[in-house]
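Colleague: Please take a close look at the side chains of the aromatic residues and the cysteines, and set out what the coordinates support.

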Amino acid sequence: MLTAESLQRIDREIAKYPPDQKQSAVMAALAIAQEEKGWLPNEAIEFVANYLGMPPIAAFEVATFYNMYDLKPVGKYKISVCTNLPCMLSGGVDAGKYLKKKLGIEYNETTADGLITLKEGECMGACGDAPVMIVNNRRMCSWMNPEQIDKLLAELK
Amino acid sequence: MAILGAINPMLTVGLEGDKAWRLADYVKRGGYSALRRILEQNMAQGDVINEVKKSVLRGRGGAGFPTGLKWSFMPRSFPGDKYVVCNSDEGEPGTFKDRDILRYDPHSVIEGMAIAAYAMGAGRGYNYIHGEIWEIYQRFEEALAEARAAGLIGKNILGSGFDFELFAHHGYGAYICGEETALLESIEGKKGQPRFKPPFPASFGLYGKPTTINNTETFASIPYIMNLGGESYLNAGKPNNGGTKLFSVSGHVNRPGNYEIPLGTPFATLLEMAGGMRAGRKLKACIPGGSSAPVVPAAMMMDCTMDYDSISKAGSMLGSGAVIVMDESTCMVRALERLSFFYYEESCGQCTPCREGTSWLYKVVHRIEHGHGRSDDLALLESVTTNIMGRTICALGDAASMPVQSFVKHFRDEFAYHIDNKKCLVPVDVQRAGSGFFTATV
C-alpha cells in the first residue's frame, strides 16, 4: 500500500512517542500517506490504522477532523489561500478572486487539466506576510501580489 | 526578516543573518548558559520556579496566566512520567510571532523547555507545531538534532544525570488544537476536542500524566529570566506585566510584522514603529489581542498602553499580542462576517451551543452584509452570544461571541445602516482600495 520509504518515515514518527502510544503517530502517518498518494483514499487511511494498531474508525475521525487532509482527489498542486480578516485587510480575498479569474475555477474546484486545485484556507499564522498561500500543504508563499501570483502559476507545471 | 523593530529587546537580540538560528550562533549569544548553570549548581527546583514567579511572566499564548504559578501546580514528587508541552499551534488570526521565534531562535524554546522540565521533574516534552508552517517544523527538527548531538537534550544532559527527551509534533490544520487539552488529545492521535476540566493537565494531562503546557514565546523567555534574574525581567516591563513581548502587527499599516517592546509601551509608539497607517488613511479600530479579543475603536485604542492591564481596562484583551489594525476603508460588518465564518468553520462540534451558535452568528452577520438583514437581527445576535458564552467546555464559544458583541456595541450605526439601506456605509471602491492588492483593474 505504501512504499518502503514512506513506512520508514512513519517508523521514525512512531519512535517519538512512548512504545504503547503508537496512535500518536497517526497524524504524521496520514500526512505521509497523503504525500505519497496525492490524497487520502479510504484504503490508505485503513492501512495506516492497521499499521499503527488502532481501530480504522479512529483514524477516519482524525482524517476528517483536520482540514489539511484531502479526502477527495486534488490537482497536482493544491493552492490554499488565506482570506481571514488580517489577510483580507491586506488583499487575501482579492488574491483569491484574482486566482479564480486566472484559473477559471471557484474554490474547491480543479482546473480541467488536473493541474491546480484552489482552496480557501484558514489562518496560516503568517498574517504579516499577507496575502499568503500554501502550495501542497508544504510551501508557504508570502506577499502574493498579482505579479507574484503570475510568477507562481508560471512555475507550477 | 519579519522582526521589524524593537525597544530594549531581549528575545530578538542578535537574530540577524541566515545562521542565527543555528546552535553555534545561539551559544555565541549566551545560549544554553542558563541551563548549564542550573545543572552545574544543581539548583533546587523550587528556586527555578521562584525566579519565574518573581519575573511575573504571564503566558504569552493568550490567557496571560502567570507562568511560575502554573509550574507550581505540577506535583513535583509524583513518581511516574511527567510532560512539558509547548504550544506552537499558532492559528489565532493576527498572530504570527511564534513562527518567527521558531524560525530565528528555535534553541531558546528548546532551552526554555529543558529548564521547565528540570524545574517540574518532567522527563519528556513535545512541541506541537502549527500544520501550515511545515518549513518551520523542519527547522525545529534540525535544531533538535543539533541540541541532541551536543548533549543538551537526551540522557544525562551535560553530565548532570538529568534526562529530558524532546520531540516535535506537526499539526494538520485545526485552530481548536491551540486549546491546551485539545492539543493533548491531538498528540494522543485523536480528534482535537477539548477535555472537560477539572481535572486540569497538571494532574491529568498527556497520556493521563501530569503535564504543563506553555506557549512558544513563554518558553523562549525562560532563559532570559534565568540569566537576568526574575526581578530585572519584571522591571523591563511594568508592575504585574513583566518583561518585553512580541507584538504581531497586521492589517492596514505600512510595515506589518513583529515588534518586540516592553509591556506598557504606548499603542501609538507601536503603530509608529509599524510605519503608521497605510496610504495616510485614518485609524478606525483595532483588535489588540488576536481575533478573539473584543474590537476597540480608534480613540480608545490611542489611549492604551500595550500591556495586560491597560488593554483589559479598555474592555478587550492583550491575548497573544496580535494587533489587527483597521482603517476607515474597513466595512465592520464585512470584517465581522469573516471572523464569524472562521469560528463557525473551526468549532469542533462537541458542545451544542458553540456548534449551532457559531453557525447562527455567521448566517445572521452574512445576511446583514449581503442586504438581507432584518430589523431584529442585532437583538438576535446578542441573544445567541449570551446563549453560547459560559455554556461550553472550552473558550472557543466565548472567542466567537466576543467579536460579535464588541463589533455591534461599538459600530452599531454601521450595522443598522446595513440593515436599513441594504448596503454598506463605506463605499465599495474605498473598501477595494484599502487592501492595496490591485494596482490595475482586473
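Modeller: The account below turns from the aromatic rings to the charges over them and then to the cysteines.

This is a predicted model, in which local features need pLDDT of at least 70, side-chain atom pairs count only at pLDDT 80 or more, and totals for chains, interfaces and linings use all residues. Residues are numbered from 1 along each chain as its sequence is written, chains are lettered from A and ligands numbered from 1 in the order in which they are written, and side-chain values use heavy atoms, with hydrogens and water left out.

Over all chains there are 20 aromatic pairs (rings of Phe, Tyr and Trp, the last by its six-membered ring, with centres within 6.5 Å; planes under 30 degrees apart are stacked, over 60 edge-to-face, the rest tilted). The pair B:Y26 and B:Y32 is edge-to-face, because the ring centres are 5.2 Å apart and the planes stand at 85°. Both B:Y26 and B:Y32 are buried (under 20% relative accessible area; exposed is over 50%, partly exposed in between, with a 1.4 Å probe and protein chains only). One aromatic cluster joins A:Y17 with B:Y83, B:Y126, B:F167 and B:Y207.

Charges also sit over rings (NZ of Lys or CZ of Arg within 6 Å of the ring centre and within 35 degrees of the ring normal). B:R58 lies over the face of B:Y308, 4.3 Å from the ring centre, and B:K245 over that of B:F247, at 5.6 Å.

The whole structure contains zero disulfides (cysteine sulfur pairs within 2.5 Å). For B:C348, the closest cysteine sulfur is that of B:C351, at 6.3 Å, too far for a bond; B:C348 is buried, at 18% relative accessible area. The sulfur of B:C354 is likewise too far from its closest counterpart, in B:C394, at 6.5 Å, and B:C354 is buried at 7%.
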